[in-house]
Amino acid sequence: MQNAKVIDADGHVQDRDADIRACMEEPYCRRQGPLVAKDKWDSSLYGKLGKDVADVPTRLSDMDQEGIEVSVLFPTSAFGITQSPEKDYAGAFCRGYNDWIAGVCKQSSRLKGIGLVPFQDVPAAVAEVNRAITKLGLAGITIASFGLKDHLGAPIFWPIYEELERLNTPLLVHNSRQGPAGEIRFDTFLFAHTVARPFETMIDCAALIYGGVAEKFPKLRIAFRECGCGWVPYWMDRMDEEWEKRQCEAPLLKAKPSEYITQGNWFFAAEPAESTLPYVMDRIGDKKIIFASDYPHWDGMFPYVVSTIRERKDISEESKRKFLGENAKRLYGWD
């Protein structure tokens, strides 16, 4: 186990406007103000939490300290592009971001970038999926659904999923700390962060199931991250119970919602110390759980994230090996 390759299926870059702006085309690079909607919360507690990582050598050194061989890099602020009502601009921003992250990953073969596409403009999104994967060599496409006018299971997005499936590339659902849409009762970051990610993610999971995406695109690999995996058994039971009485409202489904999760190409990121992890593995199998460090964000466990998993006594060594690396290879098609 100690010599097994560890793959961080969900690390992050600290994407800065200046870096992305330098990669955007005219006239969009001259946009005034922030490039995307900014978060109203300060997750760092005024600089007390998190780590500022401005260069690749620092990241690689930290990966060595954790024992991580490969890190898959997701955006941070750039997820806010889903809130833009300007289709042309959203496309330009995603192209600029993808060019930038591809440039970062060229500095080391241990870094794999994840791309963004403009879900606001589906034809442009399909074209960018193709460019990001076949031209830039990115490892997948991610989406934070907050701000979209349609749920992720809606047929309008199916051409995106068709192209991802054709290219053998995963869809990576990675929600922000905003949501559900219209919520105005949060009065602390603690409250918002506790609720927003899992609720928005459960919405996306139900949308993709009920919308028939798992049935329509059975080879498409889909992963959910940033809110642990303990919610999955509950949500499976909840969806099954609802579907049994209203199957007519999900006409594409040929099996129970839970069966698409347990038998399909769906993956879930777990927290290193999540107490329900053994139970979830028992319910959905240990081949569907992926390791995510969330480095260098404020709530990560650097430099103890890998060791926390390795020291657990309630998970078998075989399951740890799958969790820390093998499942990520399956998710990203690196087998």
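**Entry 1. The sheet**

I took two strands as paired if DSSP finds at least two bridges between them. The model I examined is a predicted one. With that rule I looked up the first sheet and found three strands in the order E1-E2-E3, forming an open sheet with parallel pairing. Strand E1 (7–12) and strand E3 (111–113) are the edge strands; each has a single partner strand, so one side of each is left without a neighbour in the sheet. On average, and with direction ignored, neighbouring strands here are turned by 30° against each other.

I then turned to the pairing of E2 with E3. Strand E2 covers residues 70–74 and pairs with E3 in the parallel sense over three bridges. For a register point I noted Val72, which stands opposite Lys112 in E3.

**Entry 2. Helix H12 on the sheet**

Which strands does helix H12 lie across? I found H12, residues 317–332, across E1 and E2, and its direction makes an angle of about 70° with E1.

Within H12 I checked the charged side chains. Lys322 and Glu318 form a salt bridge, with their closest N and O atoms 3.4 Å apart. The two residues are four apart in helix H12, which means that about one helical turn separates them. Is Lys322 buried or exposed? I recorded Lys322 as buried because its relative accessibility of 10% falls under the 20% limit. Glu318, at 43%, counts as partly exposed.

A further salt bridge joins the side chains of Arg321 and Glu326, at 3.0 Å from N to O. I noted both as partly exposed: Arg321 has a relative accessible area of 33%, and Glu326 has one of 34%.

**Entry 3. Helix H6 and its flanks**

I looked up the span of helix H6, residues 189–210. Its 22 residues reach 31 Å from the first C-alpha to the last, close to the 32 Å expected at 1.5 Å a residue. How many residues of H6 are buried? I found 16 of the 22, and H6 is accordingly entered as mostly covered.

On the far side, H6 is followed by Gly212, for which I read a positive phi near 90°. On the other side, the loop between strand E5 (171–174) and H6 holds Asp187. Asp187 has a relative accessibility of 60% and is exposed because the limit for that class is over 50%. I also took one long-range distance from this residue: the C-alpha atoms of Asp187 and Phe267 are separated by 32 Å, the two being 80 residues apart along the chain.

**Entry 4. Salt bridges between H3 and H4**

I counted 20 salt bridges in the model. One of them was followed in detail, namely that between the side chains of Asp99 and Arg131, at 2.9 Å from N to O. Which parts of the chain does this pair tie together? Asp99 lies in helix H3 (residues 87–105) and Arg131 in helix H4 (residues 122–135), so the bridge ties together parts that are 32 residues apart in sequence.

Both ends of this bridge are partly exposed: Asp99 has a relative accessible area of 30%, and Arg131 stands at 23%. I noted finally that the pair belongs to a network of salt bridges, in which Asp99, Glu128 and Arg131 are linked.

How values were computed. Residues numbered from 1 in each chain as written. Heavy atoms only, no water. Axes fitted to C-alpha atoms, helices over the stretch in contact; angles between N-to-C directions. Contact = heavy atoms within 4.5 Å. Expected span 1.5 Å × (residues − 1). Buried < 20%, exposed > 50% of the residue type's maximum accessible area, 1.4 Å probe, protein only. Salt bridge = Lys/Arg side-chain N within 4 Å of Asp/Glu carboxyl O.
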